[in-house]
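Work through the two exercises below with the sequence and the model at hand, and try each task before reading its solution.

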Amino acid sequence: MGNTQSHQRPIGRRITPQRAQFRRLAESAEIGTVTRAQLAVLAQSLTCTGLINGTESHLLVALINTTPAESFDKSGRPIVFKSNQQLAFEIGRSIGRVSRMLSRLFDAGLITMQDSGNYKRYPIRNGDGEITDGCGIDLRILIVRYAELDELVRRVRAQKKAADAALRRYRGALRNARYALSAAAELSGQILDRIRSRIERVSNFVGAAGKASSEILRRAIAILEWLVERLMHLPRRSAEGSETKNMTCPHVENGMHVQITTPHPFDDSSEERRSANAEQPNSPKAASASKSAFEESLRRRRSESNQPRRLQQAMVALQDVLRAVPALKTYGFAPISWAELARAVPLMCRFAGISEDARARAVEQMGEQQAAVAVAVTLEKYDRQDVTSPGGYLRAMTDRARAGELHLARSVFGLAARNPMEVRH
């Protein structure tokens, strides 16, 4: 007969580095700094954070209430010695379910556990009958993490309150915008259709309002309120008047509503519409507004003409882009650097309906900075309804960039010339 090898039964609960760290953390608890009542309230509130579910919270509260109140005094030791069978009876769950929930509470850092060799839970007392150690469910880590977990609960509740407020304001702003649209009888049908299309684009972008983030809702609110102001012919807000401490949209710069479009925002601009193959506007007034500056820029670039075509395209200034694309402010973007403009590109693409593939191809062909300018130009022309397919327009610009025939500077200066008030500003 060959040698037989005996396999010993594993002793105790599986220990991971994280669980070992939680055990060490529990040993540093200062008993007496937190009461049992405080921990019970905290355990009931943790479900809002998503850290544990309702059943796990019920079990944790049962564990806390099982421990005598004096165990949380300075000389106490908050350890639970009840068996899984007894805990299962008290919370109305199976023994196996209780075992799994205890493991999840251990992994979440809300309890620590010390198992004996026979999986029994019992205290170890000194000569005076005081518990000095034991094998059971240790609640000391809750004392150590009380401040951290309590702050987490407060933060989540504040975020929920802000999200609810943004949701209510968005629904009100959408209702007001549609009411203002139906009441604006003095505007032409074409202008009303453009405004209606813009409102519906905002509504479609937000989608299910209850699932949208607070940031998206705040941006949508800013756009809808701006449209209502234009429909009601309200005077533009001054930069000083909008600079208040109680701003509804603190992420939007103070001058968001100041000169963010042409003097006649709803006039028909079909004569000035251009395609991706002809980016210079037809308007003589627009061309003359930027002709001298553009020719001077071209002369400077020709004097440095040893650079590749792609580097020459990067000479347009960020301020020129901001003047040329008032839609950036309309949609709540206020980049103060090229890096901020590049970071805003994914969200701009979502507003315009540009696919991720089209954006990635543009970045690959033009680089991040030029792709950001191209996306901004596309967003502006889509906002003006000069283009009906922003994704196709950006792909056409990418193809022209690949062929060396794209002139973004002309597009930027041309769009800036169509906003004379922005140029004078």
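Two strands count as paired if DSSP finds at least two bridges between them. The model is a predicted one.

**Exercise 1.** Determine in what order the three strands of the open sheet are arranged, and which strands stand at its edges.

*Solution.* The open sheet has the strand order β1-β5-β2, and its pairing is antiparallel. Because β1 (79-80) and β2 (112-113) each have a single partner strand, they stand at the edges, and one side of each is left without a neighbour in the sheet. Turning to the pairing of β2, two bridges join it to β5 (residues 137-138), and within this antiparallel pair Thr 112 stands opposite Asp 138.

**Exercise 2.** Classify the two aromatic pairs found in the whole structure, and say which residues they link into a cluster.

*Solution.* Step 1: ring planes under 30 degrees apart count as stacked and those over 60 as edge-to-face. Step 2: the rings of Phe 205 and Phe 351 have centres 4.2 Å apart and planes at 20 degrees, so this pair is stacked; since Phe 205 lies in helix α8 and Phe 351 in helix α15, the pair ties together parts 146 residues apart in sequence. Step 3: Phe 333 and Phe 351 have ring centres 6.0 Å apart and planes at 85 degrees, and the pair is therefore edge-to-face; Phe 333 lies in the loop between α13 and α14. Step 4: ring pairs thus link Phe 205, Phe 333 and Phe 351 into a cluster. Phe 205 is buried at 16% relative accessibility, Phe 351 at 10% and Phe 333 at 6%. The charged end of Arg 219 sits over the ring of Phe 333, 4.6 Å from its centre.

Note on methods. Residues are numbered from 1 along each chain as its sequence is written. This is a predicted model: local features need pLDDT of at least 70, side-chain atom pairs count only at pLDDT 80 or more; totals for chains, interfaces and linings use all residues. Side-chain values use heavy atoms; hydrogens and water are left out. Helices (H or I, at least four residues) and strands (E, at least two) are DSSP runs, numbered from the N terminus. Rings of Phe, Tyr and Trp (its six-membered ring) pair if their centres lie within 6.5 Å; planes under 30 degrees apart count as stacked, over 60 as edge-to-face and the rest as tilted. Buried means under 20% relative accessible area, exposed over 50%, partly exposed in between (1.4 Å probe, protein chains only). A charge sits over a ring if NZ of Lys or CZ of Arg is within 6 Å of the ring centre and within 35 degrees of the ring normal.
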